[in-house]
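Please look over the structure shown below, alongside its sequence. The report that follows takes up selected local features and then the ligand site.

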Amino acid sequence: MGDIIAISDSRTGRTYTLPIENGTIRAMDLRQLKTGPDDFGLMTYDPAFMNTASCRSSISFIDGDKGILEYRGYPIEVLAENCNFLEVAYLLLFGNLPNGDELKGWVYEITHHSMLHESTKKFTEGIRYNAHPMSMLVSTVAALSAVYPDARDVQSADNRLLQIKRLIGKMPTIAAMSYRHSVGFPYVYPDNDLSYTENFMNMLWKMVEPKYVAHPMLARALDVLFILHADHEQNCSANAMRSVGSSLADPYLSIAAAAAALSGPLHGGANEEVIRMLDEIGTKENVYDYIRRVKDGHGRLMGFGHRIYKNYDPRAKIIKWIAEQVFEVTGRNSRLDIAMELERIALDDEYFVSRRLYPNVDFYSGIIYQAMGFRPEMFTVLFAIPRTVGWLAQWQEMLLDPEQKIARPRQIYTGQRMREYLPLEKRTPVHAMEEV
Ligand code: ACO
């Protein structure tokens with residue numbers, strides 16, 4: 001017999017035994033706890049999903065206390081050292097690392113899905129030049145839904161695979177187009193001779209030279225950064241992807257929803273905020289005062305803290321190591337010294353130690369991106385490109401899971417009931433908006 005838990009209901013004096021599986025009880029098992037036939041049954045209340053597993057997943061494993069991240073069972077450090085991004089994308093989507101032929105075919109397929117329909121280009125041109133690149137990215141991905149109406153057939157495995165290839169192939173093109181639009185440069189078409197990250201750099205930075213040549217060290221650094229950002233189990237944006245996808249919406253619309261979730265400063269938008277914070281601090285000497293203000297309740301240390309990691313984020317460790325290599329090419333970003341001082345003081349401070357707040361993936365990534373020539377507004381876009389792979393892997397897993405249905409949480413209703421309707425002329429001003 002497996003593990004069980006006995007729950008005694010003081011309201012009725014009854015005792016219930018519920019099975020424990022994988023360290024969880026099923027919330028639906030609680031519904032049998034009733035005070036009478038008219039009682040709906042017991043529910044759990046878990047705002048922000050602090051303690052609720054919403055799915056079974058075999059994609060990413062995180063041990064937040066030990067600071068471990070694995071994709072499909074491979075430690076992130078091993079993948080970052082030995083693989084390229086498209087290899088890791090294959091692993092996340094299909095469960096195993098590809099062999100030589102599989103990788104060749106996969107790279108060919110992604111490379112040959114990188115062009116955008118000209119109507120998509122026109123769509124982007126219609127967006128105001130000073131829009132945030134993340135807003136452009138979200139809108140343009142959503143607009144692809146109109147270009148590919150066939151994507152609505154999410155139940156067909158072949159069709160899903162086609163859309164997955166399109167999305168991974170086109171995301172860098174959309175991201176680069178958003179950037180070129182915001183600075184007023186003409187768009188650059190993909191170059192199929194180049195690797196995934198080299199081609200992205202080509203579409204971003206090619207000017208009048210006949211062939212763009214990326215610095216190999218910077219292309220590799222970007223590739224590793226893409227690997228580190230590819231998936232992170234049930235975070236806010238993955239949850240958005242699964243939730244929207246559970247209604248069987250097409251993958252372009254679901255990815256747009258996931259990217260919208262990523263854009264917020266508490267999630268992927270934090271990397272942009274870190275640079276603003278470092279600029280506000282200005283010098284190493286000001287760090288102590290800044291931390292004191294945060295402890296007094298004025299804002300947060302951006303790039304610090306994580307819902308799951310209560311130890312050093314393993315991705316942040318790798319990023320710190322890449323930073324040194326990137327700076328050998330680009331020259332040192334002076335913000336690194338401020339960031340390291342911030343980390344040093346925070347990790348020695350009772351406020352941060354007792355709350356187990358450590359640097360997360362966003363703390364150092366922006367410093368590298370900036371040294372490579374990206375503007376802060378582009379940082380979250382750089383996150384969205386590789387995370388598209390994770391979103392798609394989560395989406396596909398959700399669709400194939402027989403236990404999943406349309407995502408639909410319950411609520412505890414706190415409003416009024418059965419109010420008396422008053423016709424317009426009998427209503428008095430009651431500051432209705434304030435009440436809401
Ligand atoms: N700076 C200062 N205090 C913090 C920080 C921070 N960055 N993060 C959390 N705390 C404090 C909270 O004030 C709270 O203190 P209290 O117990 O005295 O009220 C305690 O630590 C717990 O914080 P919560 O907000 O309850 O933790 P939660 O798990 O809900 O939030 C989050 C996690 C959103 C990442 C939070 O740490 C944060 O806002 N960090 C800054 C933004 C950031 O870097 N986001 C990127 C996360 S990584 C990613 O999404 C890719």
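## The hairpin of E4 and E5

In this predicted model, strands E4 and E5 form a hairpin with two residues between the strands, and within that hairpin Arg 72 takes a positive phi near 50°. Arg 72 is found in the loop between E4 and E5, and its positive phi occurs in a residue other than glycine. Most residues other than glycine have a negative phi. At 23% relative accessibility, Arg 72 counts as partly exposed, because the buried class ends at 20%.

The pairing of E4 with strand E5, which spans residues 74-75, is antiparallel and rests on two bridges. Across this pairing, Glu 70 stands opposite Pro 75 in E5.

## Strand E4 and the three-stranded sheet

On its other side, E4 is joined to strand E3 (residues 60-63) by four bridges, and these two strands run antiparallel. One of the pairs involved places Ile 62 opposite Leu 69, its bridge partner in E4. E3 and E4 also form a hairpin, here with four residues between them, and Gly 67 in the turn has a positive phi of about 70°.

Taken together, the strands make an open sheet of three in the order E3-E4-E5, with antiparallel pairing. E3 and E5 are the edge strands, each pairing on one side only. Which side chains of strand E4 are buried, and which are not? Along residues 68-71 the side chains alternate, so that Leu 69 and Tyr 71 point to one face and are buried, whereas Ile 68 and Glu 70 point to the other face and are not buried.

## Two further loop residues

Leu 248 is another residue other than glycine with a positive phi, in this case near 70°. Leu 248 lies in the loop that links helix H9 (236-245) to helix H10 (251-262), and with a relative accessible area of 41% it is partly exposed.

Gly 23 belongs to the loop between strand E2 (14-19) and E3. Is Gly 23 buried or exposed? Its relative accessible area is 72%, and Gly 23 is therefore exposed, the cut-off for that class being over 50%. Gly 23 and Asp 3, which are 20 residues apart in sequence, are 9.2 Å apart in space when taken from C-alpha to C-alpha.

## Domain division

According to the domain assignment, the protein is divided into domain 1, covering 4-44, and domain 2, covering 66-398. The C-alpha centres of domain 1 and domain 2 lie 42 Å apart.

## The ligand site

The ligand is surrounded by 20 residues, and the closest are His 267, Arg 300, Leu 301, Gly 303 and Arg 307. By residue class, this shell divides into 11 nonpolar, five polar and four charged residues.

Several polar contacts involve oxygen atoms of the ligand. An oxygen atom of the ligand is 2.7 Å from an N or O atom in the side chain of Arg 300, and an oxygen atom of the ligand is 2.8 Å from a polar backbone atom of Gly 303. The side chain of Arg 355 also takes part, with one of its N or O atoms 3.0 Å from an oxygen atom of the ligand. Taken alone, the ligand exposes 930 Å², and the protein buries 73% of that area.

Notes:
Residues numbered from 1 in each chain as written. Predicted model: local features only at pLDDT ≥ 70, side-chain atom pairs only at ≥ 80, totals over all residues. Heavy atoms only, no water. Near = heavy atom within 4 Å. Polar contact = N/O pair within 3.5 Å; in protein donor to acceptor, adjacent residues only side chain to side chain. Areas by Shrake-Rupley, 256 points an atom, 1.4 Å probe, with all protein chains shown as cover. Nonpolar A, V, L, I, M, F, W, Y, C, P; charged D, E, K, R; others polar. Buried < 20%, exposed > 50% of the residue type's maximum accessible area, 1.4 Å probe, protein only. Pairing = 2+ DSSP bridges. Domains from an automatic or database assignment.
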